[in-house]
Amino acid sequence: MKIGETLSVMEKAILLMETDLFRGVSADEVAFVAAKTVEMRFEAGEILEPGSPARDCFHVVVEGVVEARLEDRLVRRVTRGMGFGLLPVLGLDDGVGLQAVEASHTIALSGEDLRQALADHPAFAFEMIRELASAAREVVSRLEAGKDESD
Amino acid sequence: MWRLVRREEWAVAGPLSLIYFLVIAGFTLGKIARDGLFLAELPAQYLPYVYIALAGLSALVVGLLAKVSPAGAPHQKLAVGLLVTAASLVLFSLWFQVAGSQAAVPFYLWSGVYGLTLVSMFWVLVSRRVDPRQAKRLFGVIGAAGILGGLVAGATVSLVAEAIHPRWFLVVAAGLFAGAATLAARSAVPPAEAAVAPDAAEEADRAPGGFLAGGYVRLLVALFLVGGMTSGVLDYAFKLVLQQQYADQITTLLGAFYGVQNVVALSAQLGVAGFVFARFGNRVGATTLAGGVLAGGLSTLVLPAGMAGAAVAGSKLFDATMRASLARSSWEFLYFPLPEAVKARVKGFIDVVVSRGSEAAAGLLVLLLNFLLGGSIGQLAVLIAVLAGGWLVLEVAASRAYGAEVGRSLGRLVGDREPRKPTLAEISGPEELSAFLRSPVAEEALYALDVLESVDPGAIRANAEVLLRHSAAAVRARALSALIALGEDGGSYEEPLAAPLTTIDEAVVERGRQETAAERVAEAAAATRLTPPEARRTRLRELMSDRALEVRRVAYRSAALSTDRELLPGLIRCLECPEDRGYVRQALVLWGERIVGALGDYLADPLTAAPVRHELIAVLQEIGEQEAVHSLYRACGPEEGSSVANRALQAINRLQERHPTIAFPQETVTQHLGAEILRYCRKLAQGEAVRSAADPELEKLMERVLSERAEQSLERIFRRLALVHDPRRSLLACYGVVSGNPRLRAEALEYLDTTLPSELRPQIVPLLEAASPEERLRAATQLLGREVPSLEQLLAELLESPESWLNACGLFVIGSLRLGDRHAQPQAFLKSGDPIVSDTARWALGRLGGTEAA
């Protein structure tokens with residue numbers, strides 16, 4: 001993993017605005033959060049080891065592909081404009097393994113900065129709750145669909 | 001007038017106009033047949049008895065309809081009413097053929113009831129299909145269609161009357177009503193527009209006094225009763241003048257009179273109704289009528305005897321014309337704010353019972369006048385003037401009550417309820433948590449302290465002794481800190497603290513630096529008593545930056561209790577730490593009104609970090625005195641356009657609700673409101689300017705930025721409005737305007753249109769009422785007095801803005817479009833105190849350098 005800045009705050013903000021998490025947050029607040037991010041680069045095949053600095057961050061992919069696997073099962077493929085790493089940052093171990101399958105470039109917000117952003121910008125906190133609730137609903141729907149099929 | 005109607009509105013206005021044309025044409029045919037058949041069969045002396053019977057029958061029918069009326073939408077009720085009437089007319093036609101004069105009186109009575117009932121039902125349907133804003137544009141067209149229906153029916157009858165027996169007119173009228181019923185059945189209210197409280201009618205019935213219990217409804221009843229009586233007396237005076245002065249020309253004069261009346265009424269509807277309502281408000285027609293009749297009555301008194309007849313005839317023409325056109329439309333507006341289910345009953349009662357009752361009351365007044373004084377034209381003029389004066393007062397009162405009633409209606413539509421606070425019982429497990437407070441396991445006790453401090457502080461007080469004697473120092477420190485934060489006096493815990501902590505007194509402080517967090521908490525609590533002040537200040541500063549939050553929170557409180565203003569900047573700086581904010585806020589509130597001026601200085605300073613400013617707003621809101629409001633208002637002056645201004649105004653609005661006595665300088669707030677409206681217009685115009693940038697990513701960003709700024713500005717417009725108007729309703733209007741519900745939006749606009757001062761109304765209402773973004777932009781540029789700015793002008797405005805975020809956006813535009821000739825501008829922002837601005841300036845210079853190199 002390499003850390004180095006090539007994007008301006010505004011370019012990072014534009015990228016963050018594409019994610020669902022920031023859709024309802026005002027542009028200046030997004031820029032405020034963007035100013036706290038750092039750029040990280042991962043080589044193709046690089047694993048984001050648990051406990052590494054990269055795993056203590058919420059990432060949004062600028063370029064490349066990162067895959068999330070649970071016990072060798074692919075659960076998510078993260079591409080440009082998509083985020084990953086939210087649950088560990090919130091202190092919840094999701095047990096997911098992360099690997100950059102292509103050379104990947106992300107902007108990363110550390111756990112501490114994320115908590116600060118949540119405290120400073122209630123709209124961001126609201127969007128995060130909505131995003132998590134939406135994910136939970138999706139999981140419940142899938143479980144119910146599976147239950148119906150098995151019945 | 002046609003131009004005022006929007007293209008999409010013709011889909012509603014067209015069928016409604018056609019229905020009204022058919023209803024009035026059928027009604028006119030029935031009326032002509034009624035008079036012809038009655039006068040042909042029976043002497044005119046029977047008429048007064050028929051009038052009295054008609055008033056009684058009307059009350060009976062309305063009461064009966066209220067009891068047996070089928071549940072259904074207004075279009076269904078009108079369709080059924082029209083079909084029943086059509087069938088009855090056919091049956092009456094047959095009865096006349098078979099029985100002749102026997103049917104005359106029953107038909108006279110029936111026609112007196114069905115006509116008014118159908119017209120009333122029709123206007124109830126109109127009020128459901130058309131919102132108050134559309135009504136201003138459409139009532140003129142619909143009313144004109146009705147007048148035209150009357151004219152066409154009258155003209156047709158005059159052409160064929162010689163050849164056809166009047167009973168055949170009933171058959172033709174039945175056909176017209178059947179046609180109108182077919183159209184009415186297809187005029188259902190779209191589900192999206194239906195916003196009805198279904199139990200409103202039942203609630204109204206259950207209330208003491210039924211649907212007449214409301215003050216507004218009673219005012220309407222009084223208004224139409226007095227207005228109808230005035231018109232009845234005027235009608236009698238007019239006929240008396242005709243009889244006394246033009247006995248040999250009555251028929252000719254009446255023909256000319258009704259011809260002129262219809263033509264003038266039609267012209268008024270087609271020519272000026274829409275314009276008058278849009279320009280002067282919807283109540284002007286009715287108040288002008290009452291005022292005009294009053295002026296006519298007074299003129300009759302002061303003019304020479306020879307001219308009195310002309311004055312009476314002029315008044316009558318004015319009354320009849322206005323009643324058929326502008327006033328009629330004006331009165332229809334009064335029913336809009338009533339709940340839907342109640343509206344139909346109130347309207348039916350007023351249109352039929354009150355209308356007939358007012359005619360009967362006018363007749364009784366005339367009889368009384370004739371009996372007591374003789375009933376000369378002069379005496380009648382005095383009576384008319386007195387009645388018209390009362391009528392005018394009631395019209396003005398109704399206009400004022402209408403604005404308030406629209407506000408109430410808006411509240412009903414939005415759901416005007418106070419948010420319910422959750423009870424303790426709804427928050428899970430406080431009893432179990434209380435048990436944890438007594439747990440010897442430190443983690444359990446700490447968890448319970450954390451939760452119960454906000455949910456049930458009484459439990460912490462009740463377990464204070466156990467907690468302060470806990471074997472874990474962390475629990476003791478946390479408990480003491482919580483108790484002090486809850487306002488308990490640390491000294492009262494001397495005994496339990498004695499063993500593990502010594503005591504909270506000077507001895508603790510004198511002993512020097514404390515090793516454990518619990519001891520430092522005790523020291524922080526006692527620090528207010530430390531002397532000299534310099535030593536106290538130094539120690540509190542250290543404790544305010546202690547590594548343990550328990551210590552810091554007590555130190556904040558002690559700093560506030562010390563009232564040492566030297567500690568204030570440090571305390572405000574601590575607001576930057578999210579973990580400590582709540583405690584710092586509590587301390588500042590405890591410090592109270594003595595620091596509101598200083599807090600206002602920090603709040604108004606754009607260099608203070610936005611999250612800190614947000615916290616200061618919360619502190620000032622909590623302090624809540626008039627001075628705190630002034631400090632808050634300093635952050636929302638006319639030049640302030642950031643989210644801080646929105647939050648400060650929001651805090652002020654909340655304080656207004658809590659303390660209605662808080663006052664604002666009306667003139668200053670109105671000036672700022674005007675400036676805010678112009679700012680909103682500028683943001684709309686700037687949003688349009690960026691479309692010419694020819695860079696999709698940049699365009700997307702700038703559209704988002706400027707539309708957010710416009711939305712914030714719009715919110716501030718309403719929040720400022722709330723400072724000088726009814727705060728709750730102004731904010732409900734804001735909600736209504738931005739809501740996607742067209743009915744709610746129309747109610748909100750109607751509320752603004754009726755309550756705003758005349759200098760603001762023409763600025764705000766057209767902007768908010770615009771049907772499309774293009775129309776809104778036109779209204780904005782018209783108000784600004786300039787066209788959409790060029791990209792160059794937009795850049796200048798962004799870079800000169802006091803908001804650093806907009807400066808950054810301007811720099812981003814320069815860099816994105818590689819505007820090489822603007823090299824100096826990013827240079828000037830390189831040393832900006834805002835890291836986003838300086839970063840964007842650097843990035844823009846990099847982009848421009850690339851261009852130049854290329």
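Four bridges join strand β5 of chain A to strand β8 (residues 97-100) of chain A, and the two run antiparallel. This is a predicted model. One rung of that ladder is easy to find: A:Glu67 has A:Gln99 in β8(A) as its bridge partner.

Now look at the other neighbour of β5(A). Strand β5 (residues 66-70) of chain A is joined by five bridges to strand β6 (residues 73-78) of chain A, again antiparallel. Here A:Arg69 is matched with A:Leu74 in β6(A). The two strands form a hairpin with two residues between them. In that hairpin, A:Glu71 takes a positive phi near 50°.

Step back to the whole sheet. Four strands of chain A make an open sheet in the order β3-β8-β5-β6, with antiparallel pairing. Its edges are β3 (47-48) and β6 of chain A, each of which pairs on one side only. The pairing of β3(A) with β8(A) is antiparallel and rests on two bridges. In this pairing A:Leu48 has A:Leu98 in β8(A) as its bridge partner. As you follow these strands, keep one general point in mind. In a regular strand, side chains alternate between the two faces of the sheet.

Chain A has another sheet to trace. It is open, has five strands and follows the order β1-β2-β9-β4-β7, with antiparallel pairing. The edge strands are β1 (2-3) and β7 (83-84) of chain A, and each pairs on one side only.

Start inside this sheet, at β9(A). On one side, strand β4 (residues 57-63) of chain A pairs with strand β9 (residues 104-110) of chain A over six bridges, in the antiparallel sense. A:Glu63 has A:His105 as its bridge partner in β9(A). Further along, A:Cys57 stands opposite A:Ser110 in β9(A). Strand β2 (residues 38-42) of chain A also pairs with β9(A), antiparallel and over five bridges. There the bridge partner of A:Arg41 in β9(A) is A:His105. A:His105 is therefore the bridge partner of A:Glu63 and of A:Arg41.

How many of the seven residues of β9(A) are buried? Six are, so the strand is largely enclosed by the rest of the structure.

Next, turn to where the chains meet. In chain A, 20 residues are in contact with 20 residues of chain B. About 1700 Å² is buried between the two chains, and carbon and sulfur atoms give 63% of that area. Which three residues supply more of the area that chain A buries than any other three? They are A:Met10, A:Ile14 and A:Asp28, with 34% of the area that chain A buries against chain B.

Polar links cross the interface too. There are two salt bridges between chain A and chain B. A:Asp120 forms a salt bridge with B:Arg581, and their closest N and O atoms are 2.4 Å apart. Nine residue pairs between the chains are in polar contact, both residues being at pLDDT 80 or more. On the chain A side, α1 (9-17), α2 (27-34) and α4 (111-120) each supply at least two residues of the side that touches chain B.

Finish with the aromatic rings. Over all chains, the structure holds 13 aromatic pairs. Take B:Phe92 and B:Trp95. Their ring centres are 5.6 Å apart and their planes lie at 25°, so this pair is stacked. Both residues sit in helix α3 (residues 74-99) of chain B, three residues apart, about one turn of the helix. B:Phe92 has 11% relative accessibility and so counts as buried. B:Trp95, at 35%, counts as partly exposed.

Compare another pair. B:Phe224 and B:Trp331 are edge-to-face, with 5.6 Å from centre to centre and 70° between the planes. This pair links distant parts of the chain. B:Phe224 lies in helix α8 (residues 215-245) of chain B, while B:Trp331 lies in helix α12 (residues 326-333) of chain B, 107 residues apart. Are these rings' residues buried or exposed? B:Phe224 counts as buried, at 15% relative accessibility. B:Trp331 is buried as well, with a relative accessible area of 9%.

Return once more to B:Phe92 and B:Trp95. Ring pairs link them with B:Phe96 and B:Phe107 into a cluster.

Definitions and conventions. Residues are numbered from 1 along each chain as its sequence is written. Chains are lettered from A and ligands numbered from 1 in the order in which they are written. Side-chain values use heavy atoms; hydrogens and water are left out. Rings of Phe, Tyr and Trp (its six-membered ring) pair if their centres lie within 6.5 Å; planes under 30 degrees apart count as stacked, over 60 as edge-to-face and the rest as tilted. Buried means under 20% relative accessible area, exposed over 50%, partly exposed in between (1.4 Å probe, protein chains only). Two strands pair if DSSP finds at least two bridges between them. Contact means heavy atoms within 4.5 Å. Buried area is the accessible area (1.4 Å probe) that two parts lose on being put together, summed over both. A salt bridge is a side-chain nitrogen of Lys or Arg within 4 Å of a carboxyl oxygen of Asp or Glu. A polar contact is a pair of N or O atoms within 3.5 Å; within protein, one must be able to donate a hydrogen and the other to accept it, and residues adjacent in sequence count only if both atoms are side-chain atoms.
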